[in-house]
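Trainee: Could you take me closely through the sheet in this model and what packs on it? I would like to begin with one of its turns and work outward from there.

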Amino acid sequence: MGTNNLLEIRDLLESDIALISDYWFTSSADHLLGMGVDLNCLPSREEMESFLYRQLDTEDQEKESLAMIATLKGEPIGHCNVNQITFGEEAHMHLHIWHESHRKMGVGAQMVLESIPVFFERLQLKRLWCEPYAENKAPNATLKKIGFKFKKNYFTIPGSFSFEQSVNQYELKKEDLEKLSTI
């Protein structure tokens with residue numbers, strides 16, 4: 001489980017949906033912009049929660065998103081999710097620590113490390129992509145530390161909530177899982 005034995009991951013529960021919405025709808029504009037979020041592209045809270053509720057009742061082979069919740073001492077503190085899923089092939093990963101007080105503690109890296117095997121197994125992935133905003137230092141440092149391979153930097157709109165931006169593209173192949181850093 002890594003160096004922080006108080007952090008655990010688990011599947012998304014109904015009770016987590018409001019917490020995820022709270023993260024997106026109560027975070028400061030500066031925090032969201034720092035992640036590359038286009039504030040005009042956020043769905044309504046109702047749309048976001050409806051989408052997440054649908055994912056709870058969807059089989060893994062049909063999911064549009066799969067989220068793992070990180071808990072610290074039993075309290076949910078963030079989520080690591082994948083979307084743009086092609087079952088049996090690939091998906092795109094995202095990582096979010098909900099409150100500033102839990103950031104810069106190493107829990108993000110541990111959350112990702114523990115979520116990755118779940119994504120590969122349940123979605124039968126061959127590769128996992130992550131494309132953080134190039135100017136967002138935290139996820140870029142986390143991905144390098146863990147062992148994702150940097151592929152390229154390019155301009156794109158990396159997600160439905162994003163503005164066009166410079167992203168760093170990272171890849172993790174199934175055969176590289178055993179080489180991941182244990183932190």
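Which residue takes a positive phi in the hairpin of E2 and E3, and how many residues lie between the strands?

Mentor: Happy to. This is a predicted model, so local features need pLDDT of at least 70 and side-chain atom pairs count only at pLDDT 80 or more, while totals for chains, interfaces and linings use all residues. Residues are numbered from 1 along each chain as its sequence is written, and side-chain values use heavy atoms, with hydrogens and water left out.

Your residue is Lys73, whose phi is positive, near 55°, in a hairpin with 2 residues between E2 and E3. Helices (H or I, at least four residues) and strands (E, at least two) are DSSP runs, numbered from the N terminus. The two strands of this hairpin run antiparallel and are joined by 8 bridges; strands count as paired if DSSP finds at least two bridges between them. One of these bridges sets Leu66 opposite Val82 of E3.

From E3 we can step to the next hairpin. E3 pairs with E4, again in the antiparallel sense, over 7 bridges, and Cys80 has Leu95 in E4 as its bridge partner. Here 3 residues separate the strands, and Gly88 takes a positive phi near 80°. E3 also holds Gln84, a residue other than glycine with a positive phi, near 50°. Gln84 counts as partly exposed because its relative accessibility is 43%; the scale runs from buried (under 20% relative accessible area) through partly exposed to exposed (over 50%), with a 1.4 Å probe and protein chains only.

Now the whole sheet. It is open, with 7 strands in the order E1-E2-E3-E4-E5-E7-E6 and mixed pairing. At its edges are E1 (7-11) and E6 (149-156), each of which pairs on one side only. From one strand to the next the twist averages 30°; such angles run from 0 to 180 degrees between N-to-C directions, with axes fitted to C-alpha atoms, for helices over the stretch in contact. Further along, E5 (residues 127-130) and E7 (residues 165-173) run antiparallel with 4 bridges between them, and Arg127 is partnered by Lys173 in E7.

Next come the helices on the sheet. H4 packs on it and touches E1, E2 (65-72), E3 (75-86), E4 (90-97), E5 and E7, with a direction at about 40° to that of E3; contact means heavy atoms within 4.5 Å. H5 (residues 137-146) lies across E4, E5 and E7 and runs at about 20° to E7.

A good residue to select in H4 (residues 107-123) is Ser115. With a relative accessibility of 0%, Ser115 counts as buried. Setting aside residues up to four places away in sequence, Ser115 touches Ile9, Met68 and Cys80. Past the helix, in the loop between H4 and E5, sits Gln124. Gln124 is not a glycine, yet has a positive phi of about 50°, and at a relative accessible area of 48% it is partly exposed.

The sheet and these helices also share a nonpolar core. Such a core is a set of buried Ala, Val, Leu, Ile, Met, Phe, Trp, Tyr and Cys residues joined through side-chain atoms within 4.5 Å. The largest one has 32 residues, and those touching the most other members are Val82, Met93, Ile116, Phe119, Leu128 and Phe148. At least two residues come from each of E1, E2, E3, E4, H4, E5, H5 and E7, and H4 gives the largest share, 9 residues.

Try centring your view on Leu128, which lies in E5. Leu128 is buried, at 0% relative accessible area. Beyond four places in sequence, its contacts include Val82, Ala91, Phe119, Phe120 and Tyr170. Another of its contacts is Ile116; the two residues are 12 apart along the chain, and their C-alpha atoms are separated by 8.4 Å. Outside its neighbours within four places, Ile116 is itself in contact with Met93, Leu128, Phe148, Leu172, Leu177 and Leu180. Apart from this core lies another, of 14 residues, with Ile20, Met35, Leu42 and Leu52 among them.
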